[in-house]
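Biologist: I would like to learn how helix packing and sheet topology are read from a model, taking one feature at a time. Could we begin with a pair of helices?

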Amino acid sequence: MQILIIDDERDVCTFFRRLLTRKGYQVVTAANEPEALAALEAGRFSVALVDLKLPDTDGITLLEIIKTRQPSCEVIIMTGYSTVKTAVTAMQLGAYEYLEKPFDDIDQIELMIERAAGAGLVRGRGLAAADEWAEVAQGVGFRVGVSPPMKRMVSLAYKVAGKDISVLIQGKTGTGKEVLARFIHAASARAGQPFIPVNCGALPENLLESELFGHEKGAFTGANQTRRGIFELANNGTLLLDEIGDATPQIQVKLLRVLETGEFMRVGGERPIKTDVRVIAATNVDLEQAIREKTFREDLFYRLNVVRLEIPSLAERHEDIPLLAEHFVQQLNRDLRLAPGTVRLLQGYSWPGNIRELANVMRRAVVICNGDTILPEHLGGTFLAGPSAPVRSAAQPALRSAEPESFHAGGDLVEQCRSCECLDRLGADELTGMLTSLRQAQSNLLAVMRRKKIVPPLHALKDSEAETIKEALSQYDGNITEAAKALGIARNTLYRKMKELELPGR
């Protein structure tokens, strides 16, 4: 196998020539772009090690050239720590891995090149390479699926897991951010050490500070004994800061200090404590927008955002829905299967609650199902908000599609809803069914209007948001905690939204 080394430092080229020749590889070196292009014309390479910074070009440009001319050649980017972010970008563009200078672990380098050469050989023969992360994912119960965007993201997560750098996970509520964080921990050198998640939006500021950093005896009322915090407990392991966007400015300052110095002080303490923790942060908030709004520190963002992983929503990976649905069913009852009509309905739905919502729907279906097959009527009507959802009257069982003649029944339903006296006579199941029917009817109406190019009147986004929050608060009698849970957001986020929208709260 031929290996191409592209680096303007003669010592680096000499080092790799000697190291790899002893391993039986043929080594070609190039110090600039013309020499690299000439080498690519003259030979076929299994692996290319490319310096990220060259006098006349850069590693990203050469990566694109190599992948265009020799697609089966795996590219390893060589970089200094200050350019790790660019090296990760290169991996997103098709690089196999990246190596940090100076090269300390020779065994790691040899293993990486050997793995890259093997992957290049498989690719060159037109075969599908096995996912190297599959065993780790299975070990932590991470169902990756077959969606290309998801597999690319997990492949990148697996490769950066072995690097001792901070990771920022972004994704909508319910997409599985904590599961991905556990996967990164399991694939890292810290796998045998503690993994501790903490939700930054679930605790008030004073409790969160004590939770993160611990406190000394007598630091505040009720502090009857010294208590170690999570940064101390997670030493040598991994700490997940979930919903980092909800951390208060004061907590953000203290987190920044820990990340910069590796030191912290307990609440009421007088001496700094050293810690060696790999920090993974997760959020469903746009932190860059939060920076513009002055609610999140820019310097902390850059500390956390060394590598950013964005989890696709379930709607963006609809091909994984049958696999995930079957997995949730099998966890509860291995004798059940999904009917084809059920699978079609699941794949046609938008899943605003993502995987968490799918898991809840399937658990409910398993409980309701009294046979060996989960049918559409076992899913319940709440999730059928997509344009393909059938319209039905309140009298119809859930999910049984109505005939075209049921339009008049729908009109009666609207009239019933206008009368509080009629509604008062209905039971809980009937009211829930009526609400579901109205939502389905609205969805179908909007679908038909879109098809006929009719533009419906729209509420301003701010008004819609305010109405949703008011509805949740009303439903839970003003209980902020329960309303936040129902909306799928942190309590602090709900407080902030209420303040922005000038909504009253108790």
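Modeller: This is a predicted model, and a good place to start is the angle between two helix axes, where anything under 35 degrees counts as roughly parallel. The axes of α9 (residues 205–213) and α11 (residues 249–261) come within 10 Å and cross at roughly 15 degrees, and α9 and α11 are therefore roughly parallel to each other.

Biologist: Which residues of α9 and α11 make the contact?

Modeller: From α9 come Glu-205, Leu-208, Glu-209, Leu-212 and Phe-213, and from α11 come Gln-250, Ile-251, Lys-254, Leu-255 and Val-258. Sorted by class, this contact of α9 with α11 has six nonpolar, one polar and three charged residues.

Biologist: Turning to the sheet, in what order do the five strands lie?

Modeller: The sheet is open, with parallel pairing and the order β2-β1-β3-β4-β5. Because β2 and β5 (97–100) each have a single partner strand, they stand at the edges, and one side of each is left without a neighbour in the sheet. On average, neighbouring strands are turned by 20 degrees against each other, direction ignored.

Biologist: How many bridges pair β1 with β2, and where does α1 belong?

Modeller: Five bridges pair β1 (residues 2–6) with β2 (residues 26–30) in the parallel sense, and among the partners are Ile-5 and Thr-29 of β2. Helix α1 (residues 10–21) joins β1 and β2 in a right-handed β-α-β unit. At the other edge strand, β4 (residues 74–79) runs parallel to β5 over four bridges, and Ile-76 stands opposite Glu-97 in β5.

Conventions: Residues are numbered from 1 along each chain as its sequence is written. This is a predicted model: local features need pLDDT of at least 70, side-chain atom pairs count only at pLDDT 80 or more; totals for chains, interfaces and linings use all residues. Side-chain values use heavy atoms; hydrogens and water are left out. Two strands pair if DSSP finds at least two bridges between them. Helices (H or I, at least four residues) and strands (E, at least two) are DSSP runs, numbered from the N terminus. A crossover is right-handed if, with the strands pointing away from the viewer, the path from the first strand over the helix to the second runs clockwise. Axes are lines fitted to C-alpha atoms, for helices over the stretch in contact, and angles run from 0 to 180 degrees between N-to-C directions. Angles under 35 degrees count as roughly parallel, over 145 as roughly antiparallel, 65 to 115 as roughly perpendicular and the rest as oblique. Contact means heavy atoms within 4.5 Å. Ala, Val, Leu, Ile, Met, Phe, Trp, Tyr, Cys and Pro count as nonpolar, Asp, Glu, Lys and Arg as charged, and the others, Gly among them, as polar.
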